[in-house]
Amino acid sequence: MQHPALRALLALAAGCLITLSLAPFSLWPLALLALLILHGLLQTADLRQALLAGGLFGIAMMLSGAHWVYVSIHHFGGASPLLAGIMTGGFCIGIGLLLAPFCGFYNRFLKHRPLGTTAGFAAIWLLSEWLKTWLLTGFPWLFVGYSQLDAPLAAWAPVIGTLGISFLLAFSAAVSGHCLTSRKASWQLLWLLPVWLLPPALASIEWTRPISTKPLKVAMVQANIPQEKKWLPSWQQPILDHYRQTTLALADQDLVIWPETAIPEYLQYAGDFLALMHSSAIDSNSAIILGIPSIERRPDRTAVYNSLVGIGQASGLYHKQKLVPFGEYVPLENWLRGLIAFFDLPMSSFSAGPPGQPPLLAHGLRIMPFICYEIVYPDFVSRSAANADLLLTVSNDTWFGDSIGPLQHLQMARMRALETGRDLLRATNNGVTAAIDHRGRVIARLPQFTEAVLTAEVYPRKGLTPVMQYGTLPAVIFSILIAVGLPVAGRWRLPV
């Protein structure tokens, strides 16, 4: 175990196991194994080795689990394979290295403290994931808690959220590892009993309840428009015709949803088309929610938004708040614009919408929308969902081809439904379009890369789960208290 090359290989392999524990592979025990290996490496490491192990683990996790950004950079951004590889590698390495200082902190201040070996490891793991939810606007991807969506700890999601489940997994791995190396510590396995035995009781609790026994009939249009043709002027009218004709055949549905930026025209310039669709929807007593960019001109600036609008029996306008770096806005824009085609993609100059936007309305129901990337932010979704009867996320994962990215995206959307106790609709351009119930179960879905319509029945719900009321803040504060409190307690020779 002390050989540097072996330690490095183990850290790299363990990082890759995290990806295998998540969608589409969903081999959830590998998450525990990965964390067990990392914990073991840190127990025999000095500070330099701990930093290296954490960095290599994080890099391997990101490269194996988020390599799909290469597809958008190369295939749609026009970057050469070499440049796209360098950019993808730089992105994954940069985020992966964020784990290194947490492992270094654990090595220096926690691993020799009472409870630090176990609870300290879980605390630094949770804090490393939490950092990724907000640093530089955040990239909250590849959290180990998602591995439990169809596994034993799923029932904890409405109580402590995905990050809380990540804490429980890391704690379980640390306790198991500590007991394997110390016979005196075997009694600590008792700490894991409530972690793994409480979920059946939690699963029996209905945190929310249906508003009505009558379901809402919904249809989601998956148009499968090629990304490279979507913004061509010659394709604008065929796209409009497709959505219009498809939707006219869905007059018996209560709600029809089109995906993110379904209409390749600004809202302010598509008035005639939207008026026509609005009139048709009114006649059939149906609601339509559609994705469309919008523009707002002010004396001081012009703002372009990635938006959703309701027409017919639906109303409201929502502007996306969480933008994708380099996809919807370009950091250091004055330096990077024009450097390569990737920085000049269509619709890569969006502005962030204002916070606190109200839900859209459809047939008197409150529908909280999340556009693409927004659904992966746990606290952002749980706060917004408190004012909604139904959740909706629209996306255009065409940017990532047939990679694992869209399937990971679906898994995270399912977890948001479970955390909030709300049915969730996911409408996409080319997959994965799905209807998800309040338990996070997929009740209907379409295959990827097909032109089709998904129909389903969902039940709007009311009520608040614990995580909707408190978010992940209690888990974060608890972890900070562990990470800071245990070293202080040891320093002052206080009992722990």
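Two strands pair if DSSP finds at least two bridges between them. Keep that in mind as you open this predicted model, as the tour begins with a pair of strands.

**Stop 1: strand S2 and its two partners**

Select residues 216-222, which make up strand S2. Six of its seven residues are buried, so S2 is largely enclosed by the rest of the structure. Now add residues 452-458, strand S14: seven bridges join S14 to S2, and the two run antiparallel. To see the register, label leucine 216 and look across to valine 458 in S14, which stands opposite.

Next, bring in strand S3, residues 255-257. Here the pairing with S2 is parallel, through three bridges. A good pair to label is methionine 220 and isoleucine 257, as the latter stands opposite the former in S3. While you have the side chains on, recall that in a regular strand they alternate between the two faces of the sheet.

**Stop 2: the open sheet**

Now show S6, S8, S9, S10, S11, S12 and S13, which in that order form an open sheet of seven strands with mixed pairing. Which are the edge strands? They are S6 (314-315) and S13 (442-445), each of which pairs on one side only.

Within this sheet, select S9 (residues 365-371) and S10 (residues 390-395). These two strands run parallel and are joined by five bridges. Phenylalanine 370 has threonine 393 of S10 standing opposite.

**Stop 3: salt bridges**

The whole structure holds eight salt bridges. Start with aspartate 397 and arginine 426, whose closest N and O atoms are 2.8 Å apart. This pair links distant parts of the chain: aspartate 397 lies in the loop between S10 and helix H16 (405-420), while arginine 426 belongs to strand S11 (residues 424-428), 29 residues apart. Are these two partners buried or exposed? Aspartate 397 is buried, because its relative accessible area is 1%, and arginine 426 also counts as buried, at 1%.

Move into helix H16 and pick glutamate 419 and arginine 416, another salt bridge, with 2.7 Å between the closest N and O atoms. The two are three residues apart in H16, so about one helical turn separates them. Glutamate 419 is buried at 3% relative accessibility, and arginine 416 is buried at 0%. From here, select Glu206, Arg439 and Arg461: salt bridges that share partners join these residues into one network.

For a contrast in setting, go to glutamate 296 and arginine 298, whose side chains meet in a salt bridge at 2.4 Å, N to O. Glutamate 296 counts as partly exposed, at 29% relative accessibility, and arginine 298 is partly exposed as well, at 39%.

**Stop 4: two buried residues and their surroundings**

Select histidine 39, in helix H2 (residues 29-43). Histidine 39 counts as buried because its relative accessibility is 2%, and the cut-off is under 20%. What is histidine 39 in contact with, leaving aside its neighbours within four places in sequence? Show Tyr106, Thr117, Phe121, Ala174, Gly177 and His178 to see the answer.

Then jump to glycine 310 in strand S5 (residues 302-312). Glycine 310 is buried, with 11% relative accessible area. Outside its neighbours within four places in sequence, glycine 310 is in contact with Ile288, Ile289, Ser315 and Gly316. Try a distance label to histidine 278: glycine 310 and histidine 278 are 32 residues apart in sequence and 9.0 Å apart in space, C-alpha to C-alpha.

**Stop 5: the cysteines**

How many disulfides does a search of the whole structure find? Zero. For cysteine 103, the nearest cysteine sulfur is that of cysteine 16, 16 Å away. Cysteine 103 is buried, at 0% relative accessible area. For cysteine 372, the nearest cysteine sulfur belongs to cysteine 92, 17 Å away. Cysteine 372 also counts as buried, with 10% relative accessibility.

**Last stop: a patch on the surface**

Finish by switching on the surface and selecting Trp187, Leu190, Leu193 and Leu197, which form a nonpolar patch with about 450 Å² of accessible area together. Leucine 197 sits in helix H9 (residues 192-197). With a relative accessible area of 60%, leucine 197 is exposed.

How values were computed
Residues numbered from 1 in each chain as written. Predicted model: local features only at pLDDT ≥ 70, side-chain atom pairs only at ≥ 80, totals over all residues. Heavy atoms only, no water. Buried < 20%, exposed > 50% of the residue type's maximum accessible area, 1.4 Å probe, protein only. Helix = DSSP H or I, 4+ residues; strand = E, 2+ residues; numbered from the N terminus. Patch = residues over 30% accessible without salt bridge, like charges linked within 9 Å, V, L, I, M, F, W, Y side chains within 5 Å. Areas by Shrake-Rupley, 256 points an atom, 1.4 Å probe, with all protein chains shown as cover. Salt bridge = Lys/Arg side-chain N within 4 Å of Asp/Glu carboxyl O. Contact = heavy atoms within 4.5 Å. Disulfide = S-S within 2.5 Å.
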